[in-house]
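Visitor: I'd like to learn how to read a model like this one. Could you walk me through it?

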Amino acid sequence: MKASDLLVAGLENEGVEYVFGVPGEENLDLIESLGNSKIKLIVTRHEQAAGFMAATYGRFTGQAGVCLTTVGPGATNLVTASAYAQLGGMPMLMITGQKPIKNSKQGHFQVVDTVEILKPVTKQAKQIVNGNTIPALVRESFRLAQEERPGAVHLELPEDIAAEETTTKPFEVTKSVRPSPYPKALDRATVLVEQATRPLIIIGAGANRRRTCQAITKFINHTQIPFVNTQMGKGVIDERHPLYIGTAALSECDYVHCAIDSADLIINIGHDVIEKPPFIMKHNGRQVIHINFFPAIIDQIYFPQSEIVGDIADSLEGLTKSVKPQTHWDFTAFQRVKNHLEHHINKHERDAAFPIPPQQIVKEVREVLPDDGIIALDNGMYKVWFARNYKAYFQNSLLLDNALATMGAGLPSAMVAKMINPQKMVLAVVGDGGFMMNSQELETAMRLKLDLTILLINDNGFGMIKWKQRASGFKDFGLDYGNPDFVKYAQSYGAKGYRVKSSRDLKNLLRKALKEKGIKLIEVPVDYRYNEKILTKELAKNTCNF
C-alpha cells in the first residue's frame with residue numbers, strides 16, 4: 001500500500017472515529033485514503049476549530065482526537081489549538097501536510113518549519129521521512145498523547161512521502177499499566193490525615209478521569225472529609241454532595257478560600273500547575289499531601305510534605321482502606337463557609353433585572369438544563385460566574401478551559417460534545433467576542449445536522465478585561481466594539497435565532513430552544529456591573545468572620 005493508506009490503517013488500528021480538518025493540495029493522497037476508510041472526515045471552516053474539536057474529543061474519551069491541515073498557513077493555524085490541548089491535558093494528534101522533501105520544484109512557497117513551530121506546544125513533533133516508519137510513529141504518537149499527563153502530538157506528512165509505496169503494517173495496540181503507589185507513601189499520608197484536625201480535600205484538573213472519579217467518591221464517603229474543587233475539577237464529584245463546599249473560581253479572596261485557609265491539612269488530588277493555584281503554601285505549619293500520577297513540581301508556593309505518586313485511583317483506593325475516620329476531626333468552620341457561600345449566591349440570584357445579571361443567567365440555565373445536560377463554555381467573564389455559581393452533577397458536564405483559557409473554543413467544543421453524546425442536551429455558552437472568533441462553524445454544525453443550542457451573552461466588549469481594567473484603576477479604553485445582528489446572523493446559516501428582550505424571556509426561550517431540533521442561537525444582554533459590585537467590592541470586605 002502507499003504511505004497514506006498505511007497512515008490511515010494505523011489510525012483505524014488505534015480506534016479513530018473522526019478526523020477533523022481543512023485539507024489542502026498536499027493532503028490529496030491522505031484524503032483519498034480517508035475516503036476509502038470507515039473513519040469520518042469532518043471538514044471544518046477553520047483549522048483552529050478542527051483542533052479544538054479534536055482536543056475536546058480527547059477530553060471526553062481519553063483517546064486522542066485527530067485533526068488534519070495542509071502546509072504553511074493551515075499548519076500555523078493549529079498553534080492555538082495545540083496549546084489548548086497541551087495545557088488542558090487533552091490527548092490529540094495533529095497531522096499536517098508539507099511540500100515534497102526529496103525533489104521539490106516549488107522552492108520555499110508556503111514552506112515554514114512546522115515541526116519546530118509546534119514543538120513548544122506539543123509533547124512531540126516529528127516529520128515522516130520514510131513511509132516504512134509510519135507504524136512506529138503512529139503507535140508512539142498515540143501512546144504519548146494518551147499517557148499521563150495527556151497532550152498534543154504532531155506528525156508532518158510530506159506530499160511525496162504520502163505517495164510512496166510501503167511494505168509494513170500497523171503495530172499492535174498495547175495498553176500500559178500505570179504504576180501503583182509506594183506503600184510507605186500511603187502509610188505516611190494515612191498518619192498525616194488521621195493526625196489532622198481540619199483536613200480538606202481539593203480536587204484539581206488531573207483528577208478528571210473516569211476511574212479516579214469513582215475512587216474519590218468512595219474516599220469522601222468513607223472519610224466524610226469535605227471538599228472543594230478547582231475550575232477544571234468541576235463535576236469530578238457530584239456537587240450536590242453534602243460535603244461539597246464550593247469551587248475556587250477566583251485565585252484568592254473568595255469565600256471558598258476561607259475554608260482552604262481554615263484547613264490544617266490539604267489533600268490535594270490531581271493538582272495541575274497549569275491552573276491558577278487555589279491556595280499558596282506558606283511555612284505556617286499547614287501540611288499538604290500531593291496525590292497525582294507524577295511528583296509535585298516544587299516552587300516557592302507549592303512544596304508538599306507528603307507525596308503519593310502513581311495511579312490516582314489506586315492511591316485513593318489504598319487510602320480508603322487505611323484511613324480511619326477520626327472523632328477529633330472538626331469540620332464546623334467548613335460548614336460555616338458552605339452555608340455563607342450558598343446564602344451569598346442565593347441572595348444575588350434574586351437580583352432580577354434587565355439587562356440580566358450574570359448570576360441570574362447561571363441560575364436559570366441550571367434550572368432548565370437536565371441533570372446530565374452538558375455546557376461547553378467559551379472564555380469570558382461569564383466563565384467565572386458559571387464556575388462559581390453553577391453546580392455540575394456529572395464529570396465533563398461543564399466543559400471549561402482554565403489552562404490556556406483561549407477564546408473561540410466554546411462552539412467547536414459543544415459540537416463534539418453533542419456528536420459524542422447525541423442523547424444529551426448540549427448548550428454552548430459563549431460571549432460575543434469569543435463567538436465571533438469561530439462563528440463560521442455554524443455552517444459545520446448545520447451540515448452535521450446537530451441539535452445544539454447556543455447561548456450568546458452580549459456586552460459589546462471584552463467584559464473580563466474591562467473588569468480587570470477598572471479594578472486596576474485604569475480608565476475605560478480600547479475594549480468596546482460593534483456586533484452584527486446575531487439573530488439574523490444565525491438565520492443566514494439556516495439556524496434559528498432568538499433574542500431575550502426582558503428578564504422573563506430567558507428561561508422560556510431556553511426551554512423552547514433545548515427541545516427544538518437543529519441549531520438555535522439565543523442572544524441575551526448581560527449586566528456586568530455585578531462584576532465590580534460582587535467580585536471586587538463585596539469580596540474585598542471578606543474577613544472570613546462568619
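Guide: Let's go through the sheets, the helices across them, the salt bridges and a surface patch. One thing up front: this is a predicted model.

Visitor: Let's begin with a sheet. In what order do the strands β1 to β6 form their open sheet?

Guide: Read a sheet from one side to the other, not along the sequence. Here the order is β2-β1-β3-β4-β6-β5, an open sheet of six strands with parallel pairing. At the edges sit β2 (40-43) and β5 (124-127), each of them paired on one side only. From one strand to the next, the twist averages 20°.

Visitor: How many bridges join β5 to β6?

Guide: Four bridges join them, and β5 and β6 (residues 152-158) run parallel. If you want a spot to click on, A125 stands opposite H154 in β6.

Visitor: And which helix lies across β4 and β6?

Guide: That's α5, residues 79-88, and its direction is about 155° to that of β4 (92-98).

Visitor: Now for the strands β13 to β18. What is their order in the sheet?

Guide: Go across again: β14-β13-β15-β16-β18-β17, six strands in an open sheet, with parallel pairing. Its edge strands, each with pairing on one side only, are β14 (398-399) and β17 (496-499). Further in, β15 (residues 426-431) and β16 (residues 452-458) pair in the parallel sense over five bridges. One partnership to look up is G431 with I457 in β16.

Visitor: Which strands does helix α14 lie across?

Guide: Helix α14 (residues 358-368) lies across β13 (374-377), β15, β16 and β18 (519-525). Against β16, α14 runs at about 165°.

Visitor: On to salt bridges. How many are there by the rule used here?

Guide: The rule asks for a side-chain nitrogen of Lys or Arg within 4 Å of a carboxyl oxygen of Asp or Glu. The count comes to 33. Among them is R211 with D311, at 3.1 Å from N to O. This pair links distant parts of the chain, 100 residues apart: R211 is in helix α10 (residues 210-223), while D311 is in the loop between β12 (306-309) and α12 (312-322).

Visitor: Are R211 and D311 buried or partly exposed?

Guide: Check each residue's own accessibility. R211 is partly exposed, at 43%, whereas D311 is buried, at 4%.

Visitor: What about K507 and E367: what is their N to O distance?

Guide: It's 2.4 Å in that salt bridge. K507 belongs to helix α21 (residues 505-515) and E367 to α14, so the pair ties together parts that are 140 residues apart in sequence. E367 counts as partly exposed, with 40% relative accessibility.

Visitor: Where do R499 and D485 lie?

Guide: R499 is in strand β17 and D485 in the loop between α19 (463-471) and α20 (486-492), so their salt bridge ties together parts that are 14 residues apart in sequence. Shared partners also matter when you read salt bridges: E148, R178, R209, R211, D311, D314 and E317 are joined into one network that way. As for R499 and D485, their N to O distance is 2.7 Å. Both count as partly exposed, R499 at 32% and D485 at 33%.

Visitor: Last stop, the surface. Which residues form a nonpolar patch?

Guide: Look for V273, I274 and I297, which together have about 240 Å² of accessible area. V273 is in the loop between β10 (265-269) and β11 (287-292). Its relative accessible area is 44%, so V273 is partly exposed.

Note on methods: Residues are numbered from 1 along each chain as its sequence is written. This is a predicted model: local features need pLDDT of at least 70, side-chain atom pairs count only at pLDDT 80 or more; totals for chains, interfaces and linings use all residues. Side-chain values use heavy atoms; hydrogens and water are left out. Patches are made of residues with over 30% relative accessible area and no salt bridge: like charges are joined within 9 Å, nonpolar side chains (Val, Leu, Ile, Met, Phe, Trp, Tyr) within 5 Å. Accessible areas come from the Shrake-Rupley method with a 1.4 Å probe; for residues, only the protein chains shown count as cover. Helices (H or I, at least four residues) and strands (E, at least two) are DSSP runs, numbered from the N terminus. Buried means under 20% relative accessible area, exposed over 50%, partly exposed in between (1.4 Å probe, protein chains only). Two strands pair if DSSP finds at least two bridges between them. Contact means heavy atoms within 4.5 Å. Axes are lines fitted to C-alpha atoms, for helices over the stretch in contact, and angles run from 0 to 180 degrees between N-to-C directions.
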